[in-house]
Amino acid sequence: MKRVYVNEDRCLGCHLCEYYCAFANSGESDMAKTFKLDKNPVPRITVEELDGVSFAVQCRQCTAHPCVKGCITGALSFDDGIIRIDDSRCVGCYTCVLSCPYGCIVIDEKNGGKTITKCELCTRNAAGEPACVSGCINGAIVFEERGED
Amino acid sequence: MKYVIIGNSAAAIGTIQGIRLVDKEGQIVVISDENYHTYSRPLISYWLKGAVTEENMRYRDEDFYEKNDVDTLFGTRVTKINPAAKTVTIENGNEISYDKLMIAAGSKPFIPPMEGLDKVAKKFTFMTFDSAKAVKEAVTEGAKVLIVGAGLIGLKAAEALEHYGADMTVIDLADRILPSILDEDASAIMQKHIESKGVKFILGTSVKEFSENSALLNNGETVEFDMVILAVGVRPNTELAAEAGGTVNRGIVTDQKQAVNGLKDVYAAGDCTESLDITTGQQKILALLPNAFMQGEVAGQNMAGKETYYLNAIPMNAIGFFGLHIITAGSYDGEAFTETDGVKNYKKLVTKDNELKGFILMGDVKRAGIYTSLIKHHISIDECDFELLKEKPQMIAFSRGYRNEKLAGGYGNVD
């Protein structure tokens with residue numbers, strides 16, 4: 001299973017991955033317009049940084065997936081190694097936010113927090129492959145097979 | 001192998017999924033007194049306020065039972081467990097045999113004896129889909145509603161009934177709302193928030209006597225109503241297990257494989273059981289949907305022969321009222337760090353023995369699971385930058401080694 005891995009040593013904290021993520025998942029076709037028109041697309045990846053250390057975090061698609069197990073509606077599921085959200089069934093209770101040890105369930109501010117959103121490895125948008133990876137100018141985020149499962 | 005499951009909510013579904021992780025062949029029979037496809041109980045308030053359709057009440061897809069090869073017996077009550085014969089008796093007197101039995105019987109509303117309650121025509125509990133349907137049937141635009149109980153169930157009912165323009169009064173014997181999950185300061189903030197939506201609270205008192213359309217309270221006040229919601233508390237359904245010889249304290253007592261103490265080949269999970277709260281070391285009922293599912297999943301695997309343990313249970317809640325969100329976990333006995341704007345946002349982190357034992361987040365609840373994971377995995381606060389964690393939940397507060405393990409390779413079975 002190919003997964004997204006981060007490399008702290010190569011991350012410059014430029015936040016481009018957040019932009020590419022938000023854009024890829026916005027359904028818009030022009031990146032500049034997407035952000036300029038203040039549609040406030042929500043990234044599903046977060047860059048943390050402090051005192052010269054920086055790295056990006058997004059859903060680890062972990063095999064434990066406590067978010068899926070705890071979901072009160074059945075909106076979250078785990079299939080083919082990807083944790084997916086069916087937002088038509090999400091009521092925004094945030095039990096998954098409570099459960100995720102990585103802090104990677106994102107409250108969808110675009111709809112006022114009525115649902116959550118999360119990384120699905122760009123499998124359901126036009127990018128096809130993780131946009132954070134292709135958009136990272138420094139190879140700090142990679143999408144590769146490491147034979148862990 | 002034949003598995004019989006009593007109940008059809010989160011713990012039962014977890015059991016089915018757990019069994020099927022290990023055993024794709026064995027026969028599974030689910031028996032439930034409710035005549036529904038598995039549905040999410042916490043969604044009844046969302047359904048009542050019109051935020052969720054009946055179709056979306058389903059906790060699993062339409063074809064869940066078919067896909068998992070499960071036989072269902074809905075609208076049927078189990079009246080007895082016969083452990084010697086390894087059968088259960090259902091209400092028509094028939095017996096159904098089992099090799100492994102799961103008791104996922106849930107809980108029921110607790111209604112304390114109250115003078116004159118029998119005179120009230122429109123009174124409802126609020127726990128099942130049927131009870132929510134009865135409330136919907138009865139409520140009229142602008143109805144005066146008395147809610148007895150300022151806990152999770154009562155206040156979720158209030159939130160839903162606001163959509164009917166109901167004129168609501170909530171009373172509780174406790175002197176503050178949501179005492180099971182909030183501390184005093186957080187209770188006060190939430191109370192003010194709910195009051196701002198037009199709900200009245202009368203706290204620290206109880207009903208002395210009901211008349212047909214009014215309640216005389218012990219503090220001397222009288223509250224008029226068109227209907228009453230009874231949300232005082234819940235009690236676990238332990239009778240079947242107790243009569244069969246299983247150990248029952250407040251809830252059914254199991255080991256960490258979810259096997260019922262005192263019985264062979266009988267397991268239990270969910271709101272009818274007790275769990276070991278690792279933040280206090282006490283056995284208690286953790287009537288929470290995630291807990292129920294995970295207990296069930298562990299039980300199911302054990303029933304099918306794969307040794308698995310349910311560890312790291314803690315109280316935890318994610319819930320919102322009238323748009324204000326709360327995430328809480330653990331216990332609050334220890335040294336507290338608090339921060340609040342007094343209006344909407346509240347944060348409390350409680351440490352003891354160098355570990356985070358509990359937290360309350362209200363308003364801004366982003367990334368709360370990082371705190372939850374600190375509690376569950378007994379991570380020493382010396383191993384992280386606790387000052388950064390006070391600021392907000394963030395992975396950068398952990399040592400590089402821990403972070404790398406978690407993020408660079410952390411796809412393992414870590415929750």
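**Chain A and a buried asparagine in chain B**

Among the contacts in chain A that link residues at least 6 apart in sequence, 56% are between residues at least 24 apart. The model in which these contacts were computed is a predicted one, and the paragraphs below begin with the overall make-up of chain A before turning to a single residue of chain B.

The secondary structure of chain A consists of 5 helices and 8 strands, and these elements follow one another along the sequence in the pattern β-α-α-β-β-α-β-β-α-β-β-α-β. The radius of gyration of chain A is 15 Å, close to the 15 Å given by the globule rule for 149 residues, so chain A is as compact as a globular protein of that length. Measured out along its principal axes, the C-alpha trace of chain A spans about 40 × 40 × 30 Å.

Of the 149 residues in chain A, 58% are buried. The accessible surface of this chain amounts to about 6400 Å², and carbon and sulfur atoms account for 49% of that area. As for charge, chain A carries 16 positive and 21 negative side chains, with the centres of the two sets lying 5 Å apart.

In chain B, attention falls on Asn82(B), which belongs to strand S4, a strand formed by residues 78-82. The relative accessible area of Asn82(B) is 13%, and because buried means under 20%, this residue counts as buried. When its neighbours within four places in sequence are set aside, Asn82(B) is in contact with Thr87(B), Val88(B), Thr89(B), Glu95(B) and Tyr98(B).

Notes: Residues numbered from 1 in each chain as written. Chains lettered and ligands numbered in written order. Predicted model: local features only at pLDDT ≥ 70, side-chain atom pairs only at ≥ 80, totals over all residues. Heavy atoms only, no water. Helix = DSSP H or I, 4+ residues; strand = E, 2+ residues; numbered from the N terminus. Rg over C-alpha atoms; globule rule 2.2 N^0.38 Å. Buried < 20%, exposed > 50% of the residue type's maximum accessible area, 1.4 Å probe, protein only. Contact = heavy atoms within 4.5 Å. Areas by Shrake-Rupley, 256 points an atom, 1.4 Å probe, with all protein chains shown as cover. Lys, Arg positive; Asp, Glu negative; His and termini not counted. Charge placed at Lys NZ, Arg CZ, Asp CG, Glu CD.
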